[in-house]
Amino acid sequence: MLFSRVLTTGSGGLPLLAPIKRRSFLTYAGATTLALAGCQKNDATPGATDVGSGNIGVLNLAYALEQVEATFYASVLTGDYYTKLAPASAEYQILSDLARHEQVHVDFFRTILSTNALKQLNLTLSDTINFNERTTPTGSGKLGVLNAARQLEDLGVGLYNGAAPFLLSADYLTVLGKIVSVEARHAALLRDLLATNGFVGTDVVDATSRQEISLSPTAALAQLNTYLAADSQLTATKLT
Amino acid sequence: MNLFNLFADLERVDPDVYGRFDSRRQVFRHVGTAGKAISSAMLPGLLSGLFQRAYGQTGLSGDIIAVLNLALSLEYLEAYYYQAALSANILGIDDKAAFTTILQDEQGHIAALRATLSTAAIADPTPAAFDFTAAGRVSPAPTASLASFLAVAQALEDLGVRAYKGGLAALLPSKDVLKIALGIHSVEARHASHVRTLRRGGVGVAGADGGGPNNSLPKSWVSLRENNGPLPALTTAIYAAGTTVDSPAEDNMVQVKLNVQTNSDPPGANLRLPAATSEAFDEPLDAARVKTIALNFVATGNPKGLFL
C-alpha cells in the first residue's frame, strides 16, 4: 500500500503517525491505512466508542467536543432567547459568531479526519439546557443559554490543553493551539457576561501556578459524555 | 558519607530521582569519563557534577530555552506594564481588580518559566528596560490615559497569544514544558478577550467585523486583520503575517491546506463570512517577528539586551 509507511508503531504499541507536511496532508488523510489508528468499539465499556490513539485519538476527541458545541449553538439560534434578541444587540452578535466559529471547527475536524472520523454523535442537550432562557432560572434543573455556553467553552479549553500533549505531530499541535485560544476567548467573554471580571477564575486558572487547569481526555469525557446519548458515549483509553 | 542513604532520602522527597539521572544517562556518562575506579577523594566532585546536571541544569535543548526565554521576556514586558498602570491610578474599581488579577497571572507565569529554565533564564530586566510609550508613539502615554492603556494592553496580549502559539511546535519533544506553555497560552487568550471587551465599551456593546473603524469596536476574538489594530504604527504587524510560512496573517482561511471557509456551511440562515472564518482560528507568529514588534517597547538603547 502506497501510504503504509505513514503508519508505524511507536514504543508502547501506540499507533504513530509520522509528521505530515501540510502539503501532503489531504492525500494522507484519505489513505485507508490510517483507519488502523481510528476509533473502534471499546470492549471494556460496552456501548462506548473509543476515540483512538495518537493524532487521530486527539483529533477525534476534539471533533466530539466540536460536535457538541456546534449543535448546541445551532440549537441556540432557533431558541426563544436568541430569536427575541435585537439583531444589532451585543448578545445577538456574540451568539451568532460563536455558532459560526464552532461550525467551522466541527466541519474542519470532520474533513481532516476523513474516514477516521467518529460517527455523528447523538446528543441530549435539551435534557439539561433550556434554550429559551438567557441564564439558568432560579430553582430550574436546566441551564440557561449563557450558563451552558460558558460550561462548554471552559470544558473545551481544558480538553484541548489536556489532549494536545498526546499529539505526535507539530502541525496538529499548532492547529489545536489555533483553536484553543479562540475557545479561551469565547469562555472569557461568556464568563464576563455572567459576572463582572469573570474572564478568569480559580475554577479554570490555578490560583498558584496561574496556569489553565487542564483536563485529561478521560476527565474531559466524563463531562462531555453528559451531553451524549447512551449510544454515543465515548472513552479515551489510549490517551493516558 | 553514606551514598545509599543519600539516595534513599532523595527518593523520599523526589520519587523521580532515579529518572532524573537515568533519563539523561548522566550517571554513566559521568562515571565513564572518569574512566577509572572512583576513589573517595573524587566523590565530592563526581556527586556535585551529577546533581548539577540532574537538578541544577535544565536539560532543555537550545531551541526550547530560546522559546521559553522569549516568552519570559514578554511576560516581564506585560507584568511591568500592568504594574506601571496600576501605580498610575488611571483605572476604575472594576478595572483595577481585573488588572491586578492579570498582573498576578503574569507574575505566576514568570515564576513558572523561571523555574523551568532554571539557570538558563534571563535576568529580571526590571522596569527600566521598557518604554511603554514606544518612544512617544503612544500618546497620550498609557499611564496617563485609559484608552492608551487598553490599546497597548490589547497589543501585548494578542501578541503574547501569537507568540506562545508560535513556540508550541518546538516544545513537542518535552511534554512537561509543553503543558506549561499551553497552560499559560490560554490564560493569555482570556486576558486578551477581556481587554478587547473593555476596549469596545463592555459586554453590552456589539463588536464589529475586523474590529470596526480604527479598531474601536474589537470583538473579543481576533477578526480579520483588525484594521491594523488600535495603534497602526505599532500594531499592524501584530495581525499581519510573520516571516515564516507557518505564521500567516490573522485573516488566514487555510488550515493544513484546507480552505476552512469553503469547507463549512454556516448554521441557520448565515452566509459564509470571511470575518467569522478568520475569527475561528488564531494564528501563530514566529520569534523573529515577535521580537521586532516587542522591541518597540524597549527603552532607548535596549539597556538589558532584550528581544535580540
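Below is a chat about a predicted model of two protein chains, A and B.

Q: Hi! Let's start simple: how many helices and strands does chain A have?
A: Hello! Chain A has eight helices and five strands. From the N terminus on, its elements run β-β-α-β-β-α-α-α-α-α-α-α-β.

Q: And what about chain B, which elements does that one have?
A: Chain B has eleven helices and two strands. Along the sequence the pattern is α-α-α-α-α-α-α-α-α-β-β-α-α.

Q: How much of each chain counts as buried?
A: For chain A the figure is 59% of 240 residues. For chain B it is 52% of 308 residues.

Q: What share of the contacts joins residues at least 24 apart in chain A?
A: Counting contacts between residues at least 6 apart in sequence, 67% in chain A join residues at least 24 apart. In chain B, residues 24 or more positions apart account for 68% of the contacts with a separation of 6 or more.

Q: Okay, on to the interface. How many residues does each chain put into the contact?
A: Chain A gives 60 residues and chain B gives 68 residues. Between them the two chains bury about 5,300 Å², and 63% of that is on carbon and sulfur atoms.

Q: What about polar contacts and salt bridges across the interface of chain A and chain B, how many are there?
A: There are 33 residue pairs in polar contact, counting pairs with both residues at pLDDT 80 or more. Seven salt bridges also cross the interface of chain A and chain B.

Q: Which elements give two or more residues to chain A's side?
A: On the side of chain A that touches chain B, those elements are α1 (25-29), α2 (54-78), α4 (90-113), α6 (145-163) and α7 (170-194) of chain A. The largest share comes from α7(A), with 19 residues.

Q: And what is that side of chain A made of, by class?
A: The side of chain A that touches chain B has 32 nonpolar, 16 polar and twelve charged residues.

Q: Can you give me one of those salt bridges between the chains? I'd like to look at it.
A: Sure, try B:K219 and A:D97: their side chains meet in a salt bridge at 2.8 Å, N to O. B:K219 also forms a salt bridge with B:D209, where the closest N and O atoms are 2.7 Å apart.

Q: Where do B:D209 and B:K219 sit?
A: Both B:D209 and B:K219 are in the loop between α8 (175-199) and α9 (232-239) of chain B, ten residues apart.

Q: Are B:K219 and B:D209 buried or exposed?
A: B:K219 has 2% relative accessibility, so it counts as buried. B:D209 is partly exposed, with a relative accessible area of 46%.

Q: Back to chain A. What does A:R191 pair with?
A: A:R191 meets A:D154 in a salt bridge at 2.7 Å, N to O. A:R191 lies in helix α7 of chain A and A:D154 in helix α6 of chain A, so this pair ties together parts that are 37 residues apart in sequence. A:R191 also meets A:D203 in a salt bridge, at 2.8 Å, N to O. A:D203 is in the loop between α7 and α8 of chain A, so that pair ties together parts twelve residues apart in sequence.

Q: And how do A:R191, A:D154 and A:D203 compare for burial?
A: A:R191 and A:D154 are both buried, with A:R191 at a relative accessible area of 5%. A:D203 counts as partly exposed at 43% relative accessibility.

Q: Which residues are in the network of salt bridges there?
A: The network links A:R150, A:D154, A:R191, A:D203, A:E212 and B:R190. Over all chains, the structure holds 22 salt bridges.

Q: You mentioned α6(A). Why is it called largely enclosed?
A: Because 16 of its 19 residues are buried, α6(A) is largely enclosed by the rest of the structure.

Q: What span should α6(A) have?
A: At 1.5 Å a residue, α6(A) should span 27 Å, and its end C-alpha atoms are 26 Å apart, which agrees.

Q: Last one: where does A:S232 lie, and what is it in contact with?
A: A:S232 lies in the loop between α8 (217-224) and β5 (234-235) of chain A. A:S232 is buried, with a relative accessible area of 0%. Its side chain makes a polar contact with the side chain of A:D231 at 3.0 Å. Leaving aside neighbours within four places in sequence, A:S232 is in contact with A:K119, A:L121 and A:N122.

Definitions and conventions: Residues numbered from 1 in each chain as written. Chains lettered and ligands numbered in written order. Predicted model: local features only at pLDDT ≥ 70, side-chain atom pairs only at ≥ 80, totals over all residues. Heavy atoms only, no water. Contact = heavy atoms within 4.5 Å. Buried area = accessible area lost by both parts, 1.4 Å probe. Salt bridge = Lys/Arg side-chain N within 4 Å of Asp/Glu carboxyl O. Polar contact = N/O pair within 3.5 Å; in protein donor to acceptor, adjacent residues only side chain to side chain. Helix = DSSP H or I, 4+ residues; strand = E, 2+ residues; numbered from the N terminus. Nonpolar A, V, L, I, M, F, W, Y, C, P; charged D, E, K, R; others polar. Expected span 1.5 Å × (residues − 1). Buried < 20%, exposed > 50% of the residue type's maximum accessible area, 1.4 Å probe, protein only.
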